[in-house]
Amino acid sequence: QVPLVESGGGLVQAGGSLRLSCAATGRTDSVYALGWFRQAPGKEREFVAVISWSGGSTLYADSMKGRFTISKDNAKNTAYLQMNSLKPEDTAVYYCAATDRARGRILTADKARYGYWGQGTQVTVSS
């Protein structure tokens with residue numbers, strides 16, 4: 001198991017910034033990548049970005065490029081999502097997720113490939 005704990009969500013005005021954190025514990029030697037997804041009320045959970053465990057490779061959803069940046073602190077086993085120029089439509093619960101090396105060593109936007117999920121952190125952007 002790889003417990004994931006997100007933090008950093010909150011309420012922010014449009015145009016503001018937030019940094020989300022995702023701390024991975026447990027069997028981290030089995031993790032290939034850490035990703036971020038989000039789910040707004042009444043909508044499907046959508047891919048935001050993913051970073052390899054080494055931190056050397058990243059993949060972003062096209063709509064997130066330029067405003068969101070994913071990074072990783074290898075010493076802390078923690079991934080971050082820096083979100084800038086936030087918009088009301090960014091309001092959602094943001095989830096951290098991890099892929100297992102045994103299921104393939106690729107960066108993917110397919111949520112079905114992620115075997116571990118955090119509880120989520122709420123981000124609310126007011127207009």
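In this predicted model, Ser 30 turns out to be buried, with a relative accessible area of 11%. That label applies because the value falls under the 20% cut-off for a buried residue. Ser 30 sits in the loop between strand S3 (18-24) and strand S4 (31-39). Setting aside neighbours within four places in sequence, the residues in contact with Ser 30 are Val 2, Thr 99, Asp 100, Arg 101 and Tyr 116.

Two of those partners, Thr 99 and Asp 100, turn up again around a cavity. The count of cavities of 30 Å³ or more comes to 1, and about 40 Å³ of space lies in the largest cavity. Its lining is made up of Thr 99, Asp 100, Arg 103, Gly 104, Ile 106, Thr 108 and Arg 113. Sorted by class, that lining has 3 charged, 3 polar and 1 nonpolar residues.

Gly 104, one of the lining residues, deserves a look of its own. Where does Gly 104 lie? Its home is the loop between strand S9 (92-100) and strand S10 (116-117). Gly 104 counts as partly exposed because its relative accessible area is 23%, and the partly exposed class runs between 20% and 50%. Not counting residues up to four places away in sequence, Gly 104 touches Tyr 32 and Arg 113. Arg 113 also belongs to the cavity lining. As for Ile 51, which is 53 residues apart from Gly 104 along the chain, the C-alpha atoms of the two are separated by 14 Å.

Now for the sheet. It is an open one, built from 4 strands in the order S1-S3-S8-S7, and the pairing is antiparallel. Strand S1 (4-7) and strand S7 (68-73) are the edge strands, each pairing on one side only. From one strand to the next, the twist averages 15°.

At the S1 edge, 4 bridges join S1 to S3, and the two run antiparallel. Within this pair, Leu 4 stands opposite Ala 24 in S3. In a regular strand, side chains alternate between the two faces of the sheet. Which residues of S1 are on its covered face, and which are on its uncovered one? Leu 4 and Glu 6 make up the covered face, while Val 5 and Ser 7 make up the uncovered one. Leu 4 therefore shows up twice here, both in the covered face of S1 and across from Ala 24, and the alternation just mentioned is why a strand can have two sets of side chains.

At the other edge, S7 pairs with strand S8 (residues 78-83) in the antiparallel sense, over 6 bridges. Here Ile 70 stands opposite Leu 81 in S8.

Two loop residues next to this part of the chain have a backbone angle worth pointing out. Asn 77 lies in the loop between S7 and S8 and has a positive phi of about 55°, although it is not a glycine. With a relative accessible area of 22%, Asn 77 is partly exposed. The other case is Ser 85, in the loop between S8 and S9. Ser 85 is not a glycine either, and its phi is positive, at about 50°. Is Ser 85 buried, exposed or partly exposed? Its relative accessible area is 41%, so Ser 85 is partly exposed.

Definitions and conventions: Residues numbered from 1 in each chain as written. Predicted model: local features only at pLDDT ≥ 70, side-chain atom pairs only at ≥ 80, totals over all residues. Heavy atoms only, no water. Pairing = 2+ DSSP bridges. Axes fitted to C-alpha atoms, helices over the stretch in contact; angles between N-to-C directions. 1 Å grid on protein atoms, 1.4 Å probe; cavity = no way out; pocket = protein on both sides within 12 Å on 5 of 7 lines; lining within 4 Å. Points joined across faces, edges and corners; volume = space filled by probe spheres on them. Nonpolar A, V, L, I, M, F, W, Y, C, P; charged D, E, K, R; others polar. Buried < 20%, exposed > 50% of the residue type's maximum accessible area, 1.4 Å probe, protein only. Contact = heavy atoms within 4.5 Å.
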